[in-house]
Amino acid sequence: MQFALNIVIRRLQFSQQKFQRRNYSLSHTHTLTDKLRSSHTQREQTNSQLERMNNNNSLTCAKLTLFTVSAVIIQIIGLSLFIVGFFPVKPTLGMSGLESFSPPGFDPAQNISTLPPEKLKSVYQELSGVPPLFNRLILMVIDGLPAEFVLGRNGKPPPKVFMEAMPYTQSLLGSGLAIGFHAKAAPPTVTMPRLKAMVSGAIGGFLDVASNFNTQAFLDDNIIAQLRRIGWKMVMLGDETWLKLFPNMFDRHDGVSSFFVKDTIQVDYNVSRHLDKELSSTDWDLLILHYLGLDHVGHIGGRNSILMAPKLKEMDEVIKKIHSSITQTQKVNERGTLLMIVSDHGMTESGNHGGSSYEETDSLALFASAQKFRDVENRKEAYQVDIASTVALLFGVPIPVNNVGTVMSQVFTSLEDDQQLRLLELNSWQLLRLIQTHFSEFRCARFSCDSSNDKNGGAESFCCSYLAAASLHRSWASKNSSRSVDEDGYMSVVLAYRDFLGTASKWLSSRSTDKPICLLALGIFAMALSCLVLTSLLFLLDQKVNSKWHLDESFTVAVIFILVLSMGSSSMIEEEQYIWHFMTSSLYFLLLRRTMQSIITNGKQNIGSSDSIYSIIVVLICGRILRGWHQGGVNWTYLTDISKILEKAGTVYINSLHLLSVVFIMICLALLLLAKLQKRRFSVVLLLLLVYLFPVLMILTQITTNQDDTRLIQTIYALIGISTVGILVALPWLMPLLDPVSKEYSFGDAVYVIGWCYVSSWSLLQMLLQQPVNSMPTALLLVQILATIRYFSQGGLHIKQWVKVASLYYVGMAGHFGLGNTNTLATIDVAGAFIGISSHSTIISGILMFIITYASPMLALLSMLMDFDVRAFANSEENVDLGHVLKMTLGYPCLVPLVLNSILLVTYTIVLLLMRNHLFVWSVFSPKYMYVCATTACVYIGVSIVALSVTYTCAVFASRRKLNCSTSG
């Protein structure tokens, strides 16, 4: 019994010892596992660093710079080749003359250049077969006036407030003394190309929108030149664009600049002050009056501005004065004066223009005289290019050779039937000649136009359509005695001519100029090669064996592919802001998920992880507010958004928000600088805050006074510019070489302070230039960027460098649309481009317009300098390879934006080429391509500023270190 008990006790003791050994073994195993994990992590980091050093040994700083600059130059060359090939300048076809009054193929024997003006005028009238209906013309251009303000829309009359503002004009339309047309304008709906279209009948190149700000002489055939040929005397009052388009054409003129959009009074007064004198004069044949005030009212306050009705009333008074004058001077049985009231384009609800929406293309063409028009029916539809052929035939001069418009027959109802058919015949001959330039060996006689033949379009289709109309015309004309009662025969001829004219005009209007495929292919190849080189450099910089990709990293790459896929849809291009907002928010949600997983895995939460969570939440909240601030795009602009609510609330609320935004921005930036450098660089912090205090106070003064004080604004420009450049140049020399506490080089602090100055200057500049309603979105955008930098500076998650830079780039692009920008030209803030300018300068205005439009992407690029002190020089040594550090410091901030933009640029260039025959190629795809090119320029500029700033700072520190070593040695 005792023996058995001893055995049991021994076994229990053995089991206990075994259990303790197993416990110890498990505990020891956990400890060893932790140590192995730590050792593995350190070994992985060491191997990664060694591997990266080995990989980068072949890619030196000089090589990286050389390849990057070369790739950018190749990309610029390729982009230039593509633009020249896809947007060519149309060739000039000369001036039309006597051949205009004969069928195609007629070669006039007489040289009109030797004829005096009066003789040429009589020859034209003799050959025309239709007497001129008027002997003088007053062309009144009301810039930006939508036709629906005068004629209504969709069969409905204009809004009551606009009808009551223009009672005299409405009485002219109601009594038959005027006839009005909705003259649809082609995009881009800006002044200069629209004026060209009205006087030449041709649709200009899309890049005319760029030359709108630097107008050159118009050398194509046009009505002004044709009227000058027959000896007309001309007077121009108003927009100086006419003087630039037609230099030395006007006998008297008083031009005003069209770009001071804040002026709604003086620009029109400068025109009207000459009106009484000119109306009483008899020494002119053409009087052009170009009023700009209404367009400026739209730019300032939109369609529903409180200034709109008074401005319409003012225009109505001018129309009344002119029409009363021509009525009093009209003599019986004599040709009188025609008053023609036109607008170059319409305007959106916000008062802008440039795009292809109905509101922007709805321009006016109204003809008024002392005699009534027969069978008047207003609200007729026409095209703006129809004006040139109509005016030419009204005054008996040849139709311009490049004209693609058709005559407005309703204006000629006072003519006999045979004369009206003669007008259609002359118009048909002119279009047939223009079609002939698009086909080789174009001769209608060689085509068989039997009804049994299947005409496949092209030259044969046009010839047969024209020959059918000409045959009916000859048949009707041969019936001398019965044609007066042959109404059906007459209408058959009219319909046949109209069928040809409509088809020919539509084909010519949509006809793309033949594009040199080889040039386009070469341009795309150069851009693709550049993109490939830049992408390869980025891979070489980040090459890493057995590198595991996290979900947020994969999504960062997926964003680009999603954008690429969306570019083939016109609707997605119009509503691109939704993609950027959604993708950016999704990326930050993934980063939030990764942060939360890290906290759960580690089992503890520290101050750094809490800051990371708060930073992402701030980014998401600000992004959601930005998303709702402007209802951008095209299809949903009518929906209520925050900016519309504020505009309805009144300027007091907007100005208060503007003041609050300026103060809020400077408080955020000041606190950020204090938190970063207070312990080590308090004197630097104090100096920087004092430097920026003066422009801040001036901007607050400018906002509170609510006046455009040009001198004050120019002083602010100078202070911001001098402060920024001065800090960039002086700071690397003045900053102590070594930190007194950590004994590390102060390179990171110097770059951080320079980045802080860039961000501060850029933000203050936006507070001055952006529309007041955009002040708070600009502040929220800055908070987003600072919170992003704060999140990445924690360093706990080891987020890759390219992900950090790409995230900032995405925030900048989402903010671009959050400030109200779209892919249409109508959202460009023209008014802000002339703030602080005392005299018009195309270059300065263009720079300011670029600063306003690309406020967000540029801010994101400049802010990357504020994150450099975390990514580089954390543990600098005295013998550190500055070339290597410079490469690692600049590699990602320069290459990542260039690669992302290059991918989008190449993709959309290919899309544009594939869509060259698409219905929306000029209204959707081409404006988007202009924005892509401008974004490319923004990336070039931003990356260059970052690279040059860091290179300069690094060079200064290197030279100071050498000097310090030589002195101490």
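Reader: So a cavity is a set of points on a 1 Å grid, over the protein atoms alone, where a 1.4 Å probe fits but cannot get out. How many of 30 Å³ or more turn up in the whole structure?

Author: Nine cavities of that size are found, with volume taken as the space filled by probe spheres set on the points, which are joined across faces, edges and corners. This is a predicted model, where local features need pLDDT of at least 70 and side-chain atom pairs pLDDT 80 or more, while totals for chains, interfaces and linings use all residues. Residues count from 1 along each chain as its sequence is written, and side-chain values use heavy atoms, without hydrogens or water.

Reader: Cool, what lines the largest one?

Author: There are 15 lining residues, each with an atom within 4 Å of a point. Closest to the centre are Glu576, Met813, Lys928, Val932 and Thr935. The space is about 160 Å³.

Reader: Which helices chip in?

Author: α23, α31 (801-818), α35 (882-914) and α36 (921-968) each give at least two lining residues. Helices (H or I, at least four residues) and strands (E, at least two) are DSSP runs numbered from the N terminus.

Reader: And how does α23 sit against α21?

Author: The axes of α21 (residues 551-566) and α23 (residues 576-602) come within 10 Å and cross at roughly 170 degrees. That makes α21 roughly antiparallel (over 145 degrees) to α23. Axes are lines fitted to C-alpha atoms over the stretch in contact, with angles from 0 to 180 degrees between N-to-C directions.

Reader: Who touches whom there?

Author: Among the residues in contact (heavy atoms within 4.5 Å), α21 brings Phe555, Val559 and Ile562, and α23 brings Trp580, Met583 and Glu576. So Glu576 appears in this contact as well as by the centre of the largest cavity.

Reader: Any helices that pack at another angle, like α29 and α32?

Author: α29 (residues 747-769) and α32 (residues 842-853) pack at about 105 degrees, axes 10 Å apart. They are therefore roughly perpendicular (65 to 115 degrees). Trp762, Leu765, Gln766 and Leu769 of α29 meet Leu848, Ile851 and Ile852 of α32.

Reader: New topic: what's up with phenylalanine 134 and phenylalanine 395?

Author: Their ring centres are 6.4 Å apart and their planes at 45 degrees, so the pair is tilted. Rings of Phe, Tyr and Trp (its six-membered ring) pair within 6.5 Å between centres; under 30 degrees is stacked, over 60 edge-to-face, the rest tilted. Phenylalanine 134 is in strand β1 (residues 134-142) and phenylalanine 395 in the loop between α16 (386-394) and α17 (417-436), 261 residues apart.

Reader: Where's the odd backbone stuff?

Author: The peptide bond from proline 187 to proline 188 is cis, omega near 0 degrees, and proline 188 lies in the loop between β2 (178-184) and α7 (191-200). Asparagine 154 has a positive phi of about 55 degrees, though not a glycine. Asparagine 154 is in the loop between α4 (148-151) and α5 (160-165).

Technical notes. Parallel < 35°, antiparallel > 145°, perpendicular 65-115°, else oblique. 1 Å grid on protein atoms, 1.4 Å probe; cavity = no way out; pocket = protein on both sides within 12 Å on 5 of 7 lines; lining within 4 Å.
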